[in-house]
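Hi everyone, thanks for coming. Please have a look at the sequence and the 3D view, and then we'll walk through a few helices together.

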Amino acid sequence: MNLTMPLRLTSIAAILAANAAFAETTITIATVNNGDMIRMQGLTEDFTSKNPDIKLEWVTLEENVLRQRVTQDIAAKGGQFDVMTIGTYEVPIWGAQDWLVSLDDLPAEWDKDDILPAIRGGLTVDGNLYAAPFYGESSMVMYRKDLMANAGMEMPEAPTWDEIAKAAEAMTDKEKGIYGICLRGKAGWGENMAFLSAMANSYGARWFDEDWKPQFDTEEWAATLNTYMDLMNNYGPPGASTNGFNENLSLFQQGKCGMWIDATVAASFVTNPTDSTVAEHVGFALAPDNGLGKRGNWLWAWSLAIPAGSDATDEAKKFVAWATSKEYTALVAESEGWANVPPGTRTSLYENEEYKKVPFAEMTLNSINSADPTNPTVDPVPYTGVQFVAIPEFAGIATQVGQEFSAALAGQQSVQEALEKAQALTAEEMEAAGY
Amino acid sequence: MARSVTTQRKLVNTIAAWSIGFLIFFPILWTILTSFKTEATAIADPPVFLAFNWTLENYEVVLERSNYARFLWNSIFIAGGSTLLGLIIAIPAAWSMAFVPSRRTKDILLWMLSTKMLPAVGVLYPIYLIFIKMGLLDSRIGLTVVIMLINLPIIVWMLYTYFREIPGEILEAARMDGATLKSEILYVLTPMAVPGIASTLLLNFILAWNEAFWTLNLTAAKAAPLTAFIASYSSPEGLFYAKLSAASTMAIAPILILGWFSQKQLVRGLTFGAVK
């Protein structure tokens, strides 16, 4: 009896120790439904086999719902998510509020210096990296080489807005249902205002001057919006005021757009022969400029960040480091091909000989490199962000401004009226916010 | 005396009824058709109605990518649980209001209904904070209770309206025959009220099944029902209509089948009290 008791205790202790050694930590990852993210979910076995003590739970949400849910969770310290997918708009704001865990201590082999400088700049606050980019994107011109050739024209690699207008005019054939240019018209800070804010940069316009005074009453904004309206009214598809990314993608894939200026990530869709009827005719060019030193392209990076309320920070960091590593890129290339590798985050990817063969690789890199979120405009501004202003009030204000511009595109008001309303409502909101 | 209806009139009525029915059902039909298309066909302009290459690819992708069984079980648990819990509270409440009304019964009924007039988002943050404190975030129990509370006014109102239709004299007769309160409710009232309770149950099950605000806001990975499953197939960049339609069809199929088999009770539940 005296002997069995210690034996029993030892075995219980051994079992408890073994359980402790294999105790599973679950990390919950909030993400959006896009091709690269879904691909990652399919490849996580590589991560879990290397980290058997970490279990992954995925929550896939619609983009706007995700934004609202993670904001709510992070502000109320709900602790529902350990890793969240956020963009370059949220990182500077949340990082400054200490809502995110700094990722400066990720392992050396993760190679922070390999991240493209423009992207890294957008995810850094006061010298701290607060999110790891999963894929980066800019915007560029995607056009129909066959239609340009038929019109006896050639698209320059770095066109101006005048050249874009001429190309749009030449490719338009409304009787055949071909419209020279398709652009975003749907209201929203991430919809028409992403495009128009980036376009405005190339016209020397800006959201605010250095004293945070709204600038919609300037000639630069009038020139931006008038050019946009002229292009869309003369050469755009009908009902453009409700077209966003997916609607334009659909039109382009069906051969109804001569040209489309939008996210670089669209390149892989429009050149995919399974879905696109014009896959073999697509050419790429940099987003247009006006000779002022800034092009009309944006910069965005879907990135992985860890909320400060997470109770599994170490495990979450392991996952973030894996998902955004060079090894993950190689894993995708091996299983899905180089064209499916998440683009736009690492210098080493663009130095890879295999990746250089992907038709849109070089143009994507050039587009990303030509956007600078820390210095986005011709004249100086007090904010960061190319197609957005990284302040919490921006999403609400820009969506309202977007509605005014969308209404002008729908013919419900003039450009002048839209600009006046935009100026008034932005001034009011900024004053209420204490600027 | 019933009005005589000519054959021609009957025909016109029938065609009109079918047309309206088809119009209402069309979005669901279109969703089901789209779920069998490829992504390219789903966005084709002009739209293709039936002449396309039918494919099950979207269902395969959705089943491979998501744990459908878990979402389905969560939906059944939350919708079923909240409806049953609601009935347990609402039956005695409606009984007392219908048969033993007080001076304030009408006011209480109106007050209960007034809670439905507040936009749900108005109480999102308080409820979210309470859930954090009580550890109920992303739990089926928490969601069941919230959805029960949301639907409770409707359950009480439906049952109250139905109980009011039952003649009080029958209950009085039972009492005169020496029935106790328990046997009066169990053997006299309940058999007469079963159709009303059944239609209330069905309607609330459907309402709870389709509830998308609270289910999206209070769940993450563990307790997410089919509404969250559908939402996960919307995409900001990329074509998704066919896969979203497949997910929607899979989410509405159980409730559509349930509705089909119980349409008599449903129609009765929705129209009782209309003929007096």
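What covers the buried residues of α2(A)? The cover includes β1 (25-32), β3 (83-86), β6 (132-144) and α13 (313-323) of chain A. Keep in mind that this is a predicted model. The buried residues themselves are A:Asp36, A:Met37 and A:Met40, in helix α2, which runs over residues 35-42 of chain A. They lie on the same side of α2(A), because they cover an arc of only 100° around the axis. Here is the general idea: an α-helix has 3.6 residues a turn, so residues three or four places apart point the same way.

Now let's move along the chain to helix α10, residues 219-235 of chain A. How well does its span agree with 1.5 Å a residue? Its 17 residues should span 24 Å, and the end C-alpha atoms are 24 Å apart, which agrees. The buried residues of α10(A) are A:Glu220, A:Trp221, A:Thr224, A:Leu225, A:Tyr228, A:Leu231, A:Met232 and A:Tyr235. These cover an arc of only 145° around the axis, so they sit on the same side of α10(A). On the face turned away from that buried side, you'll find the exposed residues A:Glu219 and A:Asn233. Covering the buried residues of α10(A) are elements including α8 (161-171), α9 (192-202), α18 (394-409) and α19 (415-432) of chain A.

One last stop: is A:Glu45 buried or exposed? This residue belongs to helix α3 (residues 45-50) of chain A. A:Glu45 counts as exposed because it has 9 C-beta neighbours inside 10 Å, and 12 or fewer is the cut-off for exposed.

Technical notes:
Residues are numbered from 1 along each chain as its sequence is written. Chains are lettered from A and ligands numbered from 1 in the order in which they are written. This is a predicted model: local features need pLDDT of at least 70, side-chain atom pairs count only at pLDDT 80 or more; totals for chains, interfaces and linings use all residues. Helices (H or I, at least four residues) and strands (E, at least two) are DSSP runs, numbered from the N terminus. A residue is buried if 20 or more other C-beta atoms lie within 10 Å of its own, exposed if 12 or fewer, and partly exposed in between; C-beta atoms are placed from the backbone. The expected span of a helix is 1.5 Å times one less than its number of residues. The arc is that of the directions from the helix axis to the C-beta atoms. Two residues are in contact if their C-beta atoms, placed from the backbone, lie within 7 Å.
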